[in-house]
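Hi,

Here is the structure I said I would pass on. Have a look at it first, and my notes follow underneath.

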Amino acid sequence: MQVAVYVRVSTQRQAQAQTIEQQLERLCAHIQAQGWQIADDNIFRDDGYSGAGLNRPGLDRLRDRAAQAEFQRVLITAPDRLARKYVHQVLLIEELERYGCQVEFLDRPMSQDPHDQLLLQIRGAVSEYERSLIAERMRRGRQAKYRAGILLPWTRAPYGLQMNPDHPRDPKGVRLEATEAATVGEMFVYYLEEGHSLFGLAKHLIANQIPSPRGQKRWNQATLRGILTNPVYTGKVYAARTRPRPARVRRSALKPLGRPTTSRVVTDSNEWILVAPIPAIVSQEQFAWVQAKLAQNQQFAKRHSKSHEYLLRALVSCGVCQCSCMARTNSPGYAYYVCRGKLHAVQSCHDEKCPARFIPAPQLDALVWQDLCDVLTHPESIRQARRENLRKARVSLDHQLERLTEAYLSSVLLLAEYQRRRQDLEQKQHGLDTQVQQLETSANRHTEVRAPIAQLLG
Ligand SMILES: [Zn+2]
């Protein structure tokens with residue numbers, strides 16, 4: 001490891017105890033004790049310089065050499081040798097560490113000391129501030145480039161387009177990918193035809209063996225919606241059209257939420273930045289019609305799904321494949337929760353159909369409702385009564401055990417018989433203990449869910 005040392009005395013202080021030579025002596029002794037080596041030109045000294053400012057030749061050389069990554073560690077006797085002001089200490093330590101150089105103080109190794117903790121926190125704040133400053137500068141720089149039309153907002157071309165491989169971020173390099181562009185044109189036409197839906201479009205593409213943008217043989221409706229709503233196909237590249245949104249909806253109660261960045265939401269169109277014109281695949285009118293039809297179908301789907309009341313809508317998951325279940329009424333009076341894994345591959349995104357059976361909604365609803373009602377209506381007094389019963393049973397068992405032991409001691413019972421009966425009783429005792437435990441656990445659980453449920457039922 002390459003080590004450096006920094007020593008400093010100010011003129012007034014020189015007369016005092018700690019001369020620069022004393023500092024050097026201590027630092028070199030420490031270096032030797034660690035088994036490290038130090039080159040002469042790695043010793044940086046500021047003899048007769050105040051620690052109040054940063055304008056010190058020795059310190060300047062140290063910083064320059066650290067910037068060249070010439071050493072991994074700087075040893076200093078105490079923080080006030082590095083700088084008198086706290087802010088300067090923080091700045092210097094931060095800077096040196098950025099160059100991969102640890103700062104170590106002999107007198108004050110970093111500890112739980114409040115001084116060090118404060119130092120740590122300030123350093124954290126400084127670097128966070130710096131990071132956000134840089135990020136903000138970069139963001140504004142990118143925006144300026146978007147407005148100037150010299151930077152593409154994507155690194156992967158949308159389906160149907162390709163970028164110039166030599167200048168991948170140059171909007172002027174965007175070309176149509178002939179085959180895919182033809183497919184996109186076909187999608188807009190097909191979807192607008194009477195009676196055609198996204199689902200139908202996906203099946204149509206699969207039937208024609210057209211690979212998806214990611215090279216899969218299956219298309220799903222989300223991908224298609226993404227394409228049909230992307231204004232890039234009208235020949236306009238927009239930046240800032242979407243922004244990340246934390247995932248809010250679980251795919252299934254049995255699966256964790258997606259990563260926050262995976263979900264993006266389209267921003268208001270007046271926030272979009274028009275970057276550059278590119279070759280168009282569909283006309284502005286055609287695009288507008290498709291948007292209207294998509295909006296209308298979505299409206300219809302929403303209204304449609306409200307025609308039946310399901311207690312557990314969006315709360316049921318499949319026990320076989322863990323997919324979420326949908327509520328569905330096949331014919332009047334027959335309501336079910338149906339695993340999404342049973343849907344057409346286009347909708348389920350699974351190659352194989354889930355073998356789970358339909359779950360009759362009224363039965364499941366009733367079961368869950370009963371459980372909820374129990375939680376709400378079974379007052380503490382009922383549990384109290386059960387507790388009392390269990391306690392009495394326990395006392396009676398204890399008596400039986402006592403009497404059994406007496407019988408054995410007065411030689412009424414043989415040892416083998418005594419042991420057999422005793423084992424019986426002990427098993428019963430164990431059973432009782434388990435019941436008591438279950439009762440308490442469920443009592444806790446009930447207290448936990450009671451408030452939210454009461455709120456729900458309002
Ligand atoms: Zn399933």
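Which residue takes a positive phi just after helix 2? That is Gly35, with a phi of about 80°. (Helices are DSSP runs of H or I with at least four residues, strands are runs of E with at least two, and both are numbered from the N terminus.)

Before you go further: this is a predicted model, where local features need pLDDT of at least 70 and side-chain atom pairs count only at pLDDT 80 or more, while totals for chains, interfaces and linings use all residues. Residues are numbered from 1 along each chain as its sequence is written.

Overall, the chain has 14 helices and 13 strands.

Now the sheet. It is open and parallel, with 4 strands in the order 2-1-3-4; strands count as paired if DSSP finds at least two bridges between them. Strand 2 (43-47) and strand 4 (102-105) sit at the edges with a single partner strand each, so one side of each has no neighbour in the sheet. Strand 1 (residues 3-9) runs parallel to strand 3 (residues 73-76), and 3 bridges join them. One of the bridge pairs is Ala4 with Val74 of strand 3. Helix 3 (residues 57-67) packs on this sheet and touches strand 1, strand 2 and strand 3; touching here means contact, with C-beta atoms, placed from the backbone, within 7 Å.

Back to helix 2 (residues 20-34): its 15 residues reach 21 Å from first C-alpha to last, close to the 21 Å expected at 1.5 Å a residue (the expected span is 1.5 Å times one less than the number of residues).

Cheers

Notes: Contact = placed C-beta atoms within 7 Å. Axes fitted to C-alpha atoms, helices over the stretch in contact; angles between N-to-C directions.
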